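Subject: Handing over the structure we talked about

Dear colleague,

Here is the structure that I promised to pass on to you, and I would be glad if you opened it before reading any further. My notes come after it.

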Amino acid sequence: MVMVEEKPALVYIRDDIAEIILLVATNKGAFFYYSDPERRHWDVSGPHFLGSIVNHVVIDPRDNKTILASVKPYSSDATIYRSTDFGKNWTVANQPPKFIDTESRKQVVSISFISPGHAKEKHVWYAGTSPAGLFRSIDRGNSWEIVEGFNNNKLYLEWTKIISDRNHDLPELHSIIIDPTNKNQLYIAISLVGIFESTDYGKSWSALNKGLPKSNDNEMDYRYDTHSIALHPTKPNKLFQQNKLGIYKIERPENKWINIGKNMPQEIGSSGYTIQIHPDDPNTIWVFPIESTNTWVKVCPDGMPALYCSKDGGSSWFRQDIGLPMRNAWFYVSKNSLCTDCMSEVGLYFGTNTGSLWMSNNEGNSWRQIAVHLPKVLAIESGKIFKK
């Protein structure tokens, strides 16, 4: 890594962290960006899996060195790769996520999301797929088994019927959250369908969509287009979501979502793909709005990109755009392409469909560009590398 001149330590620097790593997944490979804790300069490693669709890359926060990547090579099936040396060497899963019963669904088209298991289950990982499937690994990601309670749920055929009506979309299980205080409490989100929870380690599931608008006027029970969800790591009673039709929150044990998107500026609206929560403050959240039109235009409003932040749980919002293009920037941020880091003054990062990577080292108050001309960014995750 290129060294930078020494400066007095800032209040947000943690002495035990050597580097911050950003894992950027794109539709043509993966790129790893490294910086010192002051986040002044970034070096890049990659591309990894050049030419392959990489939907998600995650570093394991339980050891801060194991990386799993969801990869769809051009000429073979989607699979999962694992590295313990930051991408120098990769091993492919011996048994990747795969449906056993294919009569009611197609084979796995893509592995959309990877999540480390609970902190007390150091070998466990979860994966979500398209068509919607939930898988678990108990051997660090080498072999994957279906989560029976979800994949063989009696309601699965109803979800499949709903999707088949569209003729062109597949349900995508794109978000998985494990309650950090309870390994048995799981949340998943499925595009075009909605949110479900399990309180018994995935053995049974129930819908968690009360209070949400349906994406059309039909009478079907499942038609809630959740794009992303966020749970606070130390206050897991607070759950937020960015829906196609707005921004919502729920405070457990309540079972009804509250519309907090209605408090966004009317000229901006509350449509979007991604939502992120402050790791230390459960009332601070960020979204990246997109144009609200009947034709679902995937661009930021008026070509003027900005994040909107709320510090009171969604009761009020303010714009954060210092350093971002002022006009004629017609990009958007996909559902998993906004993340925070671990520093005391939280950093924010987002990648765009046009291949640019942006950062803020002051909680969104100002922005600068890390990279440009990347392939389409599909997901971003951050991690930390400790001093030896």
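What follows is a walk through the findings, going from the whole chain to single residues and then to the empty spaces.

Please keep in mind from the start that this is a predicted model. The chain has 388 residues, and 57% of them count as buried. Its regular elements are two helices and 28 strands. If you look at contacts between residues with a separation of 6 or more, you will find that 51% of them join residues that are 24 or more positions apart.

The nonpolar cores

The largest nonpolar core has 18 residues, and those that touch the most other members are Tyr126, Leu134, Phe150, Leu173, Ile176, Ile188 and Ile190. Strand 12 and strand 13 (186-190) are the elements that give two or more residues to this core. Apart from this core lies another one, of 17 residues, among them Phe31, Trp42, Met359 and Ile380. To see how one member of the largest core is surrounded, you could select Leu173, which, leaving aside its neighbours within four places in sequence, is in contact with residues including Phe113, Thr129, Leu134, Phe150, Ile188 and Ile190.

Two buried residues, Thr26 and Gly351

Thr26 is found in strand 1, which covers residues 17-26. Is Thr26 buried or exposed? Its relative accessibility is 0%, and because buried means under 20%, Thr26 counts as buried. A polar atom of the Thr26 side chain lies 3.0 Å from the backbone nitrogen of Lys28, and a polar atom of that side chain lies 2.7 Å from the backbone oxygen of Gly29. Not counting residues up to four places away in sequence, Thr26 also touches Phe31, Ser52, Ile53, Val54, Pro375, Lys376, Val377 and Leu378.

Gly351 has its place in strand 25, residues 348-351, and is likewise buried, with a relative accessible area of 0%. Once neighbours within four places in sequence are left aside, the contacts of Gly351 are Tyr332, Val333, Ser337, Ser356, Leu357, Val377 and Ile380. From Gly351 to Ala371 there are 20 residues in sequence, and the C-alpha atoms of the two are 9.1 Å apart in space.

Backbone details

Which peptide bonds are worth inspecting for a cis form? One runs from Gly46 to Pro47, with omega near 10°, and Pro47 lies in strand 3, residues 42-48. Another joins Ser130 and Pro131, with omega at about -5°, and here Pro131 sits in the loop between strand 9 (125-130) and strand 10 (133-137).

Phi is positive in Phe49, near 60°, although this residue is not a glycine. Phe49 lies in the loop between strand 3 and strand 4 (53-59). Phe86, which is not a glycine either, has a positive phi of about 60° and belongs to the loop between strand 6 (79-83) and strand 7 (91-92). Their relative accessible areas fall on either side of the 20% limit for a buried residue: Phe49 has 18% and is therefore buried, whereas Phe86 has 21% and is therefore partly exposed.

The pocket and the cavity

Rolling a probe the size of a water molecule over the atoms shows where empty space is left. The largest pocket has a volume of about 1,500 Å³. It is lined by 46 residues, of which Pro61, Leu231, Pro233, Gln276 and Glu381 are the closest to its centre. By type, the lining of this pocket divides into 24 nonpolar, 15 polar and seven charged residues. Several strands each supply at least two residues of the lining, including strand 8 (110-116), strand 16 (226-231) and strand 20 (272-277), and strand 28 gives the most, with five residues.

How many cavities of 30 Å³ or more does a search of the whole structure find? The search finds one. The largest cavity holds about 40 Å³ of space, and the residues that line it are Ile268, Pro289, Cys300, Pro301, Met304, Pro305, Ala306, Tyr308 and Arg319. Eight residues of this lining are nonpolar, none is polar and one is charged.

With best wishes,
Your colleague

Notes: Residues are numbered from 1 along each chain as its sequence is written. This is a predicted model: local features need pLDDT of at least 70, side-chain atom pairs count only at pLDDT 80 or more; totals for chains, interfaces and linings use all residues. Side-chain values use heavy atoms; hydrogens and water are left out. Helices (H or I, at least four residues) and strands (E, at least two) are DSSP runs, numbered from the N terminus. Buried means under 20% relative accessible area, exposed over 50%, partly exposed in between (1.4 Å probe, protein chains only). A polar contact is a pair of N or O atoms within 3.5 Å; within protein, one must be able to donate a hydrogen and the other to accept it, and residues adjacent in sequence count only if both atoms are side-chain atoms. Contact means heavy atoms within 4.5 Å. On a 1 Å grid over the protein atoms alone, a cavity is a set of points where a 1.4 Å probe fits but cannot get out, and a pocket is an open set with protein on both sides within 12 Å along at least five of seven lines; lining residues have an atom within 4 Å of a point. Grid points are joined across faces, edges and corners, and a volume is the space filled by probe spheres set on the points. Ala, Val, Leu, Ile, Met, Phe, Trp, Tyr, Cys and Pro count as nonpolar, Asp, Glu, Lys and Arg as charged, and the others, Gly among them, as polar. A nonpolar core is a set of buried Ala, Val, Leu, Ile, Met, Phe, Trp, Tyr and Cys residues joined through side-chain atoms within 4.5 Å.
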